[in-house]
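Please open the model in your viewer and keep the sequence panel beside it, since each stop on this tour begins with a selection.

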Amino acid sequence: MRNVNLSQVPASDFSAREVIAQEAGVDFLDCYQCGKCTAGCPMAHAMDLMPRELIRLLQLGLVDEALRAKTPWICAQCAVCTARCPQNVDIAAIMRAVRHASKDAGYKPVRESDLFDRLFVDGIRAHGRSNEQYLAAKYNFASGHLLQDMANAPKMMERGMVGMEMQNVESREAVRSIVEKVMASGSSIDEELFQEIGARSRLGIRKVEELEAALLEQAGSAAVQRRTEAVDQALPSPPGRAAQWASNARASIRTTPSIVRSGMEVNLGSIVAALSKDKAVQKTASGAAGAAVLGFAMKRLLKRKGR
């Protein structure tokens, strides 16, 4: 437990809190912290802040802390919390609104969630529906989790759960038009307000670092270790994105069963260099990787059937 001096909370943070409340259609003061949302959340084990803790930060006007939390990005939007709330607070809508605001502030605490959302929407826009097999392949490659869950692909293909065929709806243009309209309208979040909050937070953290480093240097100690990793990772530079991708790729290859790993060779250096250039290269590489992974899965399936 810690004390919070509300007189030191900037007025812009309270304004931002009201913007989030309006976006979600809730009144934060309706929440009396009973904890039912946290008790019923199936994703609580992976969150850095429990749902009620996130709401408490917003009640106190500590918006920047809420925007930097991983919780809204891990939320599965199952709405169990909303259904259980005795005050009828739409907590799932709060998570969506905080996520929008977090992105506008320049934070992406869980980069993979934002990446998956973008790839999913791109697939709906292009085909009118989601083709899970290609979505999974593109996501695995773009995130660096190269062969995540690929050991299950042959079994799923054998049972007809997934296939090579690309599924399209008849009225793709109509679906694309709906998606474009929704994406254009976006949310009612004031981007400039949250961009200012994010910029102010990063500047404040760096000033504290500079002061600590100066004091330690005067004392003859080593330079203070940076404490802004969470902030810096939210806005990775191209080399930073490439390094994160390579780290994920190495972990994926190490943990993949040898029977799957042996069917694909990956040149991490050349792929990472290509991914760090531009989005066009990323899209091309993602498509090629998807085709390669599914082609390998098909070969394994045919080989198994031929036994």
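The tour goes through a helix residue, a loop residue and a pair of packed helices, in a model that is predicted.

Begin by selecting residues 11-24, which form helix α1, and then pick out Ile20 within that helix. Is Ile20 buried or exposed? Its relative accessible area is 0%, and because the cut-off for buried is anything under 20%, Ile20 counts as buried. Now add Ala93 to the selection and draw a distance between the two C-alpha atoms: Ile20 and Ala93 are 9.6 Å apart in space, although 73 residues separate them in sequence.

Next, move to Asn131, which you will find in the loop that runs between α8 (111-127) and α9 (132-143). Asn131 is likewise a buried residue, with a relative accessibility of 6%. If you set aside residues up to four places away in sequence, Asn131 is in contact with Glu165, Met166 and Gln167, so these three are worth showing as sticks.

Finally, display α8 and α9 together and look at how they pack: their axes lie 10 Å apart, at an angle of about 140 degrees, which means that α8 is oblique to α9. The crossing of α8 past α9 is right-handed. To see the contact itself, select Arg111, Glu112, Leu115, Phe116, Leu119 and Phe120 on α8, together with Leu135, Lys138, Tyr139, Ala142 and Ser143 on α9. Colouring this selection by class will show 7 nonpolar, 1 polar and 3 charged residues in the contact of α8 with α9.

Technical notes
Residues are numbered from 1 along each chain as its sequence is written. This is a predicted model: local features need pLDDT of at least 70, side-chain atom pairs count only at pLDDT 80 or more; totals for chains, interfaces and linings use all residues. Side-chain values use heavy atoms; hydrogens and water are left out. Helices (H or I, at least four residues) and strands (E, at least two) are DSSP runs, numbered from the N terminus. Buried means under 20% relative accessible area, exposed over 50%, partly exposed in between (1.4 Å probe, protein chains only). Contact means heavy atoms within 4.5 Å. Axes are lines fitted to C-alpha atoms, for helices over the stretch in contact, and angles run from 0 to 180 degrees between N-to-C directions. Angles under 35 degrees count as roughly parallel, over 145 as roughly antiparallel, 65 to 115 as roughly perpendicular and the rest as oblique. A crossing is left-handed if the near helix is turned anticlockwise from the far one by less than a right angle, and right-handed if clockwise. Ala, Val, Leu, Ile, Met, Phe, Trp, Tyr, Cys and Pro count as nonpolar, Asp, Glu, Lys and Arg as charged, and the others, Gly among them, as polar.
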